[in-house]
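Me: I'd like to go through this structure with you, one topic at a time. Could you keep the answers plain and spell out the cut-offs as we go?

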Amino acid sequence: MPSLEEELFPSTPGKFKIDRAHNMNRQFNRCFASTSTMFLWALFLIALTASYLSFQSFVDSGSRYFTASWGGIQWEKQIRNSAQIHRSKGMSVLVTGAAGFVGSHVSLALKKRGDGVVGIDNFNNYYDPSLKKARKSLLNNQGIFIVEGDINDARLIAKLFDIVAFTHVMHLAAQAGVRYAMENPHSYVHSNIAGLVTLLEACKLANPQPSVVWASSSSVYGLNEKVPFSESDRTDQPASLYAATKKAGEEITHTYNHIYGLSVTGLRFFTVYGPFGRPDMAYFSFTRNILQGKPITVYRGKNRVDLARDFTYIDDIVKGCVGSLDTSGKSTGSGGKKRGPAPYRIFNLGNTSPVTVPTLVNILERHLKVKAKRNIVDMPGNGDVPFTHANISLAQRELGYKPTTDLETGLKKFVKWYLTYYGYNRGKAVH
Ligand SMILES: O=C(O)[C@H]1O[C@H](OP(=O)(O)OP(=O)(O)OC[C@H]2O[C@@H](n3ccc(=O)[nH]c3=O)[C@H](O)[C@@H]2O)[C@H](O)[C@@H](O)[C@@H]1O
């Protein structure tokens, strides 16, 4: 069985391919010494090398995670229809990661108020792709088309900009998850760094250039101890590779703003939760385990201090995203040339009231009406930070951001959705 990494990176230039060619060469020397057969074999090897190189350049263009084909008149028509704006002064937005948790919610909100939305998602299997497909159906029903492809596919992204003059890009495609970075570090580099650069290259070359709003993370505050976390606080001590790639994203987007005049807004999300959420996150996996009577692992910090998060409800995050798009200001460049300074902004989008993980479990128990089997363990050195707490005054001032859902209310809505979607005692969708 191929390892997960091999599955994720089928195109990574594997040494075995080169070794195989090398071995063939040795066999060839042994078995075929005559000049004429040597000539024939040389031709064969040249042909083999040429096809290998063209295969490499194909995969390097980025379709590593996904093999679906794209293109054609019908495909372009679906994209144009989806991008159509149905309100005055509306925008046409390319949403990356549109089948993801935040991406699907933001796409629906934009479409609802009459903006044009085109999604792109690679539907990778970091978590159950059937949930992503379910979100996709929801979006399709509202007239939103999601292109199946990877943001590393430069040709595909360029094609999308050929078809639609996007005014905005809402970039939410990413390899998420703090602890998984220890298992599969390369997937973070692939999506959060290489993918980001591929996307920014396309934005930089587009004419007109779109304004870019993208998802950074509260994890960039890392080992920062000053609370609450303000945008001007230190972010140079990441505790995980995930955080490091998000921080790198902030620096990379800054250079595209500086050199090419791209308008950029980075949003530091604080542990977003809610209906249609991510199954890899604690509130979601705890719910599944509690309902199935399985134990849950609750991490505890140094000196037996409970871990805490500034859990933020999805509807509040959506308002922050839409507010960011509305106030983003224009990019100034065109065709890769800067014409003047463009906005570069970073905002915390949190809830400003941290809750401990044991309290999160208590609330879930109440809503589920089932007792959890808690397995309390000291936090392993896995990239986690002990607490997060957002200062949101900047977002309040500039975006009108004002979270209104507390954890109790938000989890109630999540549990209601979960039970409708999966039913009791199940991890699989009931429809
Ligand atoms: O806002 C953020 O910056 C980040 O929020 C979450 O990361 P995290 O806060 O670690 O969220 P969870 O994985 O749901 O963990 C929440 C808390 O539960 C704890 N936990 C997690 C899993 C578990 O089995 N047990 C447990 O106690 C974690 O240590 C953490 O304190 C997301 O997974 C990241 O993608 C996101 O960037």
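Me: Is phenylalanine 286 buried or exposed?

Reply: Phenylalanine 286 is buried, with 22 other C-beta atoms within 10 Å. The cut-offs, with C-beta atoms placed from the backbone, are 20 or more other C-beta atoms within 10 Å of its own for buried, 12 or fewer for exposed, and partly exposed in between. Please bear in mind that this is a predicted model, in which local features need pLDDT of at least 70 and side-chain atom pairs count only at pLDDT 80 or more, while totals for chains, interfaces and linings use all residues. Residues are numbered from 1 along each chain as its sequence is written.

Me: Where does phenylalanine 286 lie, and what is it in contact with?

Reply: Phenylalanine 286 lies in helix α10, residues 282–291, where helices (H or I, at least four residues) and strands (E, at least two) are DSSP runs numbered from the N terminus. Leaving aside neighbours within four places in sequence, phenylalanine 286 is in contact with Ile296, Val361, Leu364 and Ala372, a contact being two residues whose C-beta atoms, placed from the backbone, lie within 7 Å. The C-alpha atoms of phenylalanine 286 and serine 240 are separated by 22 Å, and these two residues are 46 apart along the chain.

Me: OK, the ligand. Which residues are the closest?

Reply: The closest are Ala176, Ser217, Ser218, Met281 and Ala282, out of 18 residues that surround the ligand; a residue counts as near if its C-beta atom, placed from the backbone, lies within 6 Å of the molecule. Strand β8, residues 295–300, gives the most to this shell, with three residues.

Me: And how does the shell split by class?

Reply: The shell has 10 nonpolar, six polar and two charged residues, where Ala, Val, Leu, Ile, Met, Phe, Trp, Tyr, Cys and Pro count as nonpolar, Asp, Glu, Lys and Arg as charged, and the others, Gly among them, as polar.

Me: Switching to backbone oddities, which peptide bonds are cis?

Reply: The bond from asparagine 207 to proline 208 is cis, with omega near 5 degrees, and proline 208 sits in the loop between α8 (185–205) and β5 (211–217). The bond from valine 227 to proline 228 is cis as well, with omega near -15 degrees, and proline 228 is found in the loop between β5 and α9 (241–260).

Me: What about phi at arginine 304 and phenylalanine 123?

Reply: Phi is positive in both, near 60 degrees for arginine 304 and near 50 degrees for phenylalanine 123. Most residues other than glycine have a negative phi, and most peptide bonds are trans. Arginine 304, in the loop between β8 and β9 (308–309), counts as exposed with 8 C-beta neighbours inside 10 Å, whereas phenylalanine 123, in the loop between β2 (116–121) and α6 (129–141), is partly exposed with 18 other C-beta atoms within 10 Å.

Me: Where does pLDDT stay under 50?

Reply: pLDDT, the predictor's confidence in each residue from 0 to 100, stays under 50 over residues 1–33, for which the model has 16 contacts beyond four places in sequence, and over residues 53–64, with 19 such contacts. The mean for the chain is 88, and 83% of its residues reach 70 or more.
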